[in-house]
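Here is a walk through one protein chain, taken feature by feature. Keep the sequence and the 3D view side by side.

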Amino acid sequence: MPFLRSISQRLQNRLSSKPIPTSTSATTFQSTSQSKNPNTMAAPIVLILGSGPRVGAAVSETFAANGYQVAVAARKGTNSKTENGVLSIKADFTHPESVATVFDAVKAEFGAAPGIVIYNAAALTPPSDKESALSIPAAKVTSDLNVNVVSPYVAAQEAIKGWATLPAHAKKTFIYTGNIQNEAVLPVPMMLNLGVGKAASAYWVGLADGAYSAQGYRFIYADERHPDGKFKGMALDGPAHGDFYAQLAKSTEGVPWHATFVKDKGYVSFK
């Protein structure tokens, strides 16, 4: 009847105009995920810890273009999603105890742990006395080593906790952005804290790669080089890192834990 149809239409209009209450991002995600078809395979998740304008930004863009759900954590994080759908998390890696909250934020937003974890943060402090390499204050050495060694170590601990909850077929790879300093001592005093950090992290990354191989977990120390194998230094190429890391996310077959690579070539051995 026209009268009943009119009442029905008014009720529908009222219901559609009534605001839906929201609370936290985790709750919002849960309600969204519950509405999805359970048979639909979710996109893989990558977490990038340390996202600068060169390597971090390029890696984030590459993984997003490859269909990943992307989360980045950095000092300038906003604890919100960017217009491109990237989850931006505020983090300070001089405080290793804060790393676990970054992983919690990723799981709260995307509903699962990241299968690919990339540690790209780094820190160094020049000597206060240019004539003395060991004039760097002990407090600064500690702070830089937290960024270069301890926080990535904690990130690796959190990664394996999350990997245990992922499907067997999911790729589980930890990538540490390294350089040649685990093999060569550069006579540059301002590189001291960075070199100590890279060398120390290379050791635990290599050990972890062997220790967890039976579970299918990979730990990679990625080291970009010039085509002749020399130190890349400040000539690091962001897109080259993005391409190589995306390759590693698909397959690490034939790639050792110390993965030296060259732009447009991928893994290249300089042994």
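Start at Asp264, which counts as exposed because its relative accessibility is 74%, and exposed means over 50%. The model is predicted, so its local features are subject to a confidence cut-off: pLDDT of at least 70. Asp264 sits in the loop between β8 (258-262) and β9 (266-267). Its backbone stands out as well. Phi of Asp264 is positive, about 70°, although the residue is not a glycine.

Asn79 tells a similar story in another loop. This residue also has a positive phi without being a glycine, here near 55°. Look for Asn79 between β2 (69-74) and β3 (80-81). Asn79 is exposed, with a relative accessible area of 56%.

Stay in that loop for the salt bridges. How many does a search of the whole structure find? The search finds nine. One of them joins the side chains of Arg75 and Asp92, at 3.4 Å from N to O. This pair links distant parts of the chain. Arg75 is in the loop between β2 and β3, while Asp92 is in the loop between β4 (87-90) and α4. The two are 17 residues apart. Is Arg75 buried or exposed? Arg75 is exposed, with a relative accessible area of 53%. Asp92 is partly exposed, and its relative accessible area is 22%.

Next comes the bridge between Glu109 and Lys81. Their side chains meet at 3.4 Å, N to O. Glu109 lies in helix α4 and Lys81 in strand β3, so the pair ties together parts that are 28 residues apart in sequence. The two ends fall into separate exposure classes. Glu109 counts as buried because its relative accessibility is 14%, and buried means under 20%. Lys81 is partly exposed, with a relative accessible area of 43%.

Helix α4 (residues 99-110) also holds Ala105. Ala105 is partly exposed, at a relative accessible area of 28%. Trace from there to Ala71. The two residues are 34 apart in sequence, and their C-alpha atoms are 9.2 Å apart in space.

Now move along the chain to Arg225 and Glu183. Their side chains form a salt bridge of 3.2 Å, N to O. Again, distant parts of the chain are linked. Arg225 belongs to the loop between β7 (218-224) and α7 (238-250). Glu183 belongs to the loop between β6 and α6. The separation in sequence is 42 residues. Arg225 counts as buried, at 4% relative accessibility. Glu183 counts as partly exposed, at 44%. The bridge is part of a network: salt bridges that share partners join Glu183, Asp223, Arg225 and Lys271.

The loop between β6 (173-177) and α6 (192-211) also holds Val188. Which residues make a nonpolar surface patch with Val188? They are Leu124 and Met190. The patch covers about 210 Å². Val188 itself counts as partly exposed, at 36% relative accessibility. That value lets Val188 qualify, because patches are made of residues with over 30% relative accessible area and no salt bridge.

Turn to the largest pocket. Its volume is about 900 Å³. Of the 33 residues that line this pocket, the closest to its centre are Asn120, Ala121, Ala122, Ala123 and Leu194. Which elements give two or more residues to the lining? They are α3 (55-65), α5 (138-163) and α6. The largest share comes from α5, with three residues. By class, the lining has 16 nonpolar, 11 polar and six charged residues.

Finish at Lys250, in helix α7. Lys250 counts as exposed, at 55% relative accessibility. Follow the chain back to Thr173, 77 residues away in sequence. The C-alpha atoms of Lys250 and Thr173 are separated by 9.5 Å.

Note on methods:
Residues numbered from 1 in each chain as written. Predicted model: local features only at pLDDT ≥ 70, side-chain atom pairs only at ≥ 80, totals over all residues. Heavy atoms only, no water. Patch = residues over 30% accessible without salt bridge, like charges linked within 9 Å, V, L, I, M, F, W, Y side chains within 5 Å. Areas by Shrake-Rupley, 256 points an atom, 1.4 Å probe, with all protein chains shown as cover. Salt bridge = Lys/Arg side-chain N within 4 Å of Asp/Glu carboxyl O. Helix = DSSP H or I, 4+ residues; strand = E, 2+ residues; numbered from the N terminus. Buried < 20%, exposed > 50% of the residue type's maximum accessible area, 1.4 Å probe, protein only. 1 Å grid on protein atoms, 1.4 Å probe; cavity = no way out; pocket = protein on both sides within 12 Å on 5 of 7 lines; lining within 4 Å. Points joined across faces, edges and corners; volume = space filled by probe spheres on them. Nonpolar A, V, L, I, M, F, W, Y, C, P; charged D, E, K, R; others polar.
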